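Me: Please take a close look at one part of this model for me. I would like to know about the empty space inside, and what surrounds it.

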Amino acid sequence: LLEFLEKNLDDFERLIKEVKPEEMSMGSVIRIVVQTHHDGLVKMGKLSSLLFQYAPQILHASHFKKADERIVNFLLQKMNVYDLKIGPRNPELAFFVCSQSVRSVMYMNFLNRKPEERQRITDELIDMLTVYLETKKS
């Protein structure tokens with residue numbers, strides 16, 4: 001599981017570097033993060049459902065906390081490097097909520113779906129998180 005999380009984070013960073021600066025947006029960052037996660041789970045196949053079903057019981061919560069911190073820091077860094085603006089007043093908390101949302105949807109619901117449903121779920125999750133991050137809070 002930890003290798004899976006680390007590989008996904010490495011893939012996020014590699015794919016983000018391929019985006020042209022003028023095409024960079026919070027939506028493009030979220031799409032890369034969520035789609036890469038989707039693709040990684042699909043590659044793992046049935047092993048992923050077992051792994052994520054039992055991982056919380058086996059692994060210490062600190063492993064998930066480290067993964068969350070790396071994702072949050074990654075998103076904060078991209079926000080600063082590309083001068084991306086988001087609506088929520090607390091970017092760190094907003095990115096943590098996004099990370100938890102991806103984990104919850106992907107691990108709990110996603111793995112028992114047909115392949116075509118998985119991509120629709122992934123697209124909906126991307127849209128939901130993008131709207132959340134781009135909507136100015138009053």
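Reply: What follows covers the cavities, then the salt bridges. The model is predicted.

Start with the count. There are 3 cavities of 30 Å³ or more in the structure. The largest has a volume of about 100 Å³. The second largest comes to about 40 Å³.

Take the largest cavity. From the early part of the chain, its lining includes Leu5, Phe12, Val33 and His37. Ala67, Asp68 and Ile71 also line the largest cavity. So do Ser99, Val102, Arg103 and Tyr107. Four helices each supply at least two of these residues: H1, H2, H4 (61-81) and H5 (91-109). H5 gives the most, with 4 residues. By class, the lining of the largest cavity has 7 nonpolar, 2 polar and 2 charged residues.

Now the second largest cavity. Ile30, Val33, Ile71, Leu75 and Phe95 are among its lining residues. Cys98, Ser99, Val102 and Leu129 line this cavity too. H2, H4 and H5 each supply at least two residues here. H5 again has the largest share, 4 residues. The lining of the second largest cavity holds 8 nonpolar residues, 1 polar residue and no charged ones.

Some residues serve both linings. Val33, Ile71, Ser99 and Val102 appear around the largest cavity and around the second largest.

Next, the charged pairs. The structure holds 8 salt bridges. Helix H1 (residues 2-17) contains Asp11 and Lys7, which are 4 residues apart, about one helical turn. Asp11 and Lys7 form a salt bridge, with their closest N and O atoms 2.9 Å apart. Asp11 counts as buried because its relative accessibility is 13%, under the 20% cut-off. Lys7, at 46%, counts as partly exposed.

Arg14 forms a salt bridge with Glu18, at 3.5 Å from N to O. Arg14 is partly exposed, at 43% relative accessibility. Glu18 is exposed, at 55%. A network of salt bridges links Lys7, Asp11, Arg14 and Glu18.

Another pair reaches across the chain. Asp123 and Arg31 meet through their side chains in a salt bridge of 3.7 Å, N to O. Asp123 sits in helix H6 (residues 115-134) and Arg31 in helix H2 (residues 26-44), so this pair links distant parts of the chain, 92 residues apart. Both partners are partly exposed: Asp123 has 27% relative accessibility, and Arg31 has 36%.

Technical notes. Residues are numbered from 1 along each chain as its sequence is written. This is a predicted model: local features need pLDDT of at least 70, side-chain atom pairs count only at pLDDT 80 or more; totals for chains, interfaces and linings use all residues. Side-chain values use heavy atoms; hydrogens and water are left out. A salt bridge is a side-chain nitrogen of Lys or Arg within 4 Å of a carboxyl oxygen of Asp or Glu. Buried means under 20% relative accessible area, exposed over 50%, partly exposed in between (1.4 Å probe, protein chains only). On a 1 Å grid over the protein atoms alone, a cavity is a set of points where a 1.4 Å probe fits but cannot get out, and a pocket is an open set with protein on both sides within 12 Å along at least five of seven lines; lining residues have an atom within 4 Å of a point. Grid points are joined across faces, edges and corners, and a volume is the space filled by probe spheres set on the points. Ala, Val, Leu, Ile, Met, Phe, Trp, Tyr, Cys and Pro count as nonpolar, Asp, Glu, Lys and Arg as charged, and the others, Gly among them, as polar.
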